[in-house]
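Student: I am new to this structure and would like a friendly tour. Could we look at it together?

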Amino acid sequence: MFTYKCNIKIRSLIKIYLMCYTFNVRVDDYMEKQRQIKILSIVALVLAVSAMTLGFAAFSTTLSISSSASITPSSADFAVKFSTSQTSLVTDAVAPSSKTTGITTTNGTIVNSVSPTLSNLSASFTSPGQYVEYTVYARNEGEYTAYLNNINYLGDKTCIASSGTTESLVQSACNSINITVTIGSTTYDDTTPISSHALAKGAGEAVKVRLEYAENGTPVDGSFNITFPSVSLVYSTVDDSTMVGKVVRVVSGDTNTPGSIVVIGNEQFYVFGKENGNVKLLSMMNITLDNNPIQSSSAGTTAFSNSSSTYSGSIVEEYVNNYKAYLTGMGANILFARLITKAELEKLGCNEDDYTCSNAPSWIYSTSYWSGSAIGTVDVWSVRSSAYFDTYYYDTDYGLGVRPVIEISESEF
């Protein structure tokens with residue numbers, strides 16, 4: 001009995017031992033597997049983070065900001081003006097700084113409404129080799145560095161014979177009388193390249209305008225008067241040498257393709273059609289509502305009119321006319337300035353029945369603005385940035401701005 005019981009106990013102990021051993025082995029195996037999983041997870045996480053870091057680094061190396069991006073400042077923040085003083089803004093009459101003895105001249109007039117302009121330039125020449133020179137100063141009164149991009153000559157040169165002088169000789173001599181502009185050490189005519197010419201904030205530089213009868217010019221048998229175009233300097237927030245000799249430029253596409261982009265100074269427009277040889281342009285943004293308007297993403301909104309739904313005599317017409325004057329001051333030959341019509345919007349894809357412009361190009365409804373078309377005596381058609389196309393009463397500000405259309409002869413491009 002004792003042996004049997006002992007064998008039972010021994011067998012039981014062996015069985016328990018084997019069970020414990022097996023359990024421990026399985027526990028050890030389980031723990032080892034868990035440890036391996038943790039190690040693999042950590043390795044995977046490190047690799048993932050490394051991949052993300054490399055990916056971000058690669059993306060960062062390709063991300064760039066164009067140095068030629070144009071700033072759209074307010075008219076108060078960007079301003080270059082002519083002055084008779086280099087150190088302060090003085091707009092007195094500009095007497096000739098030098099001239100040939102004996103010739104009669106006029107004093108120049110400074111006009112600083114848009115671009116700095118010197119006007120009323122004339123002289124009474126009698127023989128080749130004569131000249132008159134005016135000196136003014138271009139002063140940067142704004143908050144940005146200004147770059148000279150173009151010199152515009154506004155108007156025409158005219159030569160008028162004095163009493164007793166042969167007209168044909170005067171007109172022949174007129175071809176040898178020229179106007180040049182000297183800034184620093186460079187003398188510019190209407191084809192001279194302009195590049196990297198910066199005017200720092202608060203700085204002033206001399207601008208010499210010279211009217212000259214060439215030494216080899218045609219002699220005349222008497223005196224004659226010559227009137228020159230006004231001289232206007234075009235400054236911008238970016239250095240753009242392509243502006244020389246071109247006030248109106250196509251920068252994307254062409255004048256035949258809707259959506260092509262045209263630039264006048266810093267102002268950008270979409271081509272949307274042609275009519276009677278004129279290119280029709282829609283401003284890229286709404287214009288600011290002041291006497292010196294520019295396109296701006298924060299242009300402001302207005303009622304259409306305070307008297308009727310007619311465009312003529314309306315509030316918005318005044319803003320459009322101010323904008324036309326601004327562009328003309330930069331040397332652009334604007335034939336017409338107005339608001340886009342309902343018919344033009346429908347031709348571009350807007351639909352009166354569905355009250356939407358969603359089928360039109362997206363730039364048509366990139367801003368909210370009044371059209372120039374009325375329905376009845378009180379309602380005026382409009383476009384919203386949601387692509388909504390509908391009418392509103394003329395005398396209330398519905399969050400709609402002014403987005404001008406200008407027409408320019410195709411020959412200007």
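Tutor: Gladly, and we begin with a term: a salt bridge is a side-chain nitrogen of Lys or Arg within 4 Å of a carboxyl oxygen of Asp or Glu. The model is predicted, so local features need pLDDT of at least 70 and side-chain atom pairs count only at pLDDT 80 or more, while totals for chains, interfaces and linings use all residues. Residues are numbered from 1 along each chain as its sequence is written, and side-chain values use heavy atoms, with hydrogens and water left out.

Student: How many salt bridges does the count come to by this rule?

Tutor: Side chains of opposite charge can pair when their charged atoms come close. Applying the cut-off to this model gives a count of 11 salt bridges.

Student: Which side chain meets Lys 280 in a salt bridge, and at what N to O distance?

Tutor: The partner of Lys 280 is Glu 344, and the N to O distance is 3.0 Å. This pair links distant parts of the chain, with Lys 280 in strand β19 (residues 278-283) and Glu 344 in helix α4 (residues 342-348), 64 residues apart. Helices (H or I, at least four residues) and strands (E, at least two) are DSSP runs, numbered from the N terminus. So the partner and distance asked for are Glu 344 and 3.0 Å.

Student: Are Lys 280 and Glu 344 buried or exposed?

Tutor: Buried means under 20% relative accessible area, exposed over 50%, and partly exposed in between (1.4 Å probe, protein chains only). On that scale, Lys 280 and Glu 344 are both buried.

Student: Which residues are linked with Lys 280 and Glu 344 in a network of salt bridges?

Tutor: The pair we just met belongs to a network of salt bridges. Besides Lys 280 and Glu 344, the network holds Glu 275, Arg 338 and Glu 407.

Student: Why does Glu 352 count as partly exposed, and why does its salt-bridge partner Lys 342 count as buried?

Tutor: The side chains of Glu 352 and Lys 342 meet at 3.0 Å, N to O. Glu 352 sits in the loop between α4 and β21 (369-375), and Lys 342 is in helix α4, 10 residues apart. Glu 352 is partly exposed because its relative accessible area is 32%. Lys 342 counts as buried because its relative accessibility is 15%.

Student: How many disulfides does a search of the whole structure find?

Tutor: A disulfide is a covalent bond between the sulfur atoms of two cysteines. Here the test is a pair of cysteine sulfur atoms within 2.5 Å. Cys 159 and Cys 174 form one such pair, with sulfur atoms 1.9 Å apart, and Cys 350 and Cys 357 form another, at 2.0 Å. The search of the whole structure finds 2 disulfides.

Student: Where do Cys 159 and Cys 174 lie in the chain?

Tutor: Both cysteines are buried, and their link is right-handed, with 75 degrees about the S-S bond. The pair joins distant parts of the chain, 15 residues apart. Cys 159 lies in strand β9 (residues 158-161), and Cys 174 in helix α2 (residues 167-174).

Student: Why is the pair of rings of Phe 269 and Tyr 323 called tilted?

Tutor: Rings of Phe, Tyr and Trp (its six-membered ring) pair if their centres lie within 6.5 Å; planes under 30 degrees apart count as stacked, over 60 as edge-to-face and the rest as tilted. The structure holds 9 aromatic pairs. The rings of Phe 269 and Tyr 323 have centres 6.3 Å apart and planes at 45 degrees, so the pair is tilted.

Student: Which parts of the chain does the pair of Phe 269 and Tyr 323 tie together?

Tutor: Phe 269 and Tyr 323 are both buried. They are 54 residues apart in sequence, so the pair ties together strand β18 (residues 267-275) and helix α3.

Student: Which residues form one aromatic cluster with Tyr 392 and Tyr 398?

Tutor: Tyr 392 and Tyr 398 have ring centres 4.7 Å apart and planes at 35 degrees, so this pair is tilted. Tyr 392 is buried, at 16% relative accessible area, whereas Tyr 398 is partly exposed, at 25%. The residues that form one cluster with them are Phe 304 and Trp 370.
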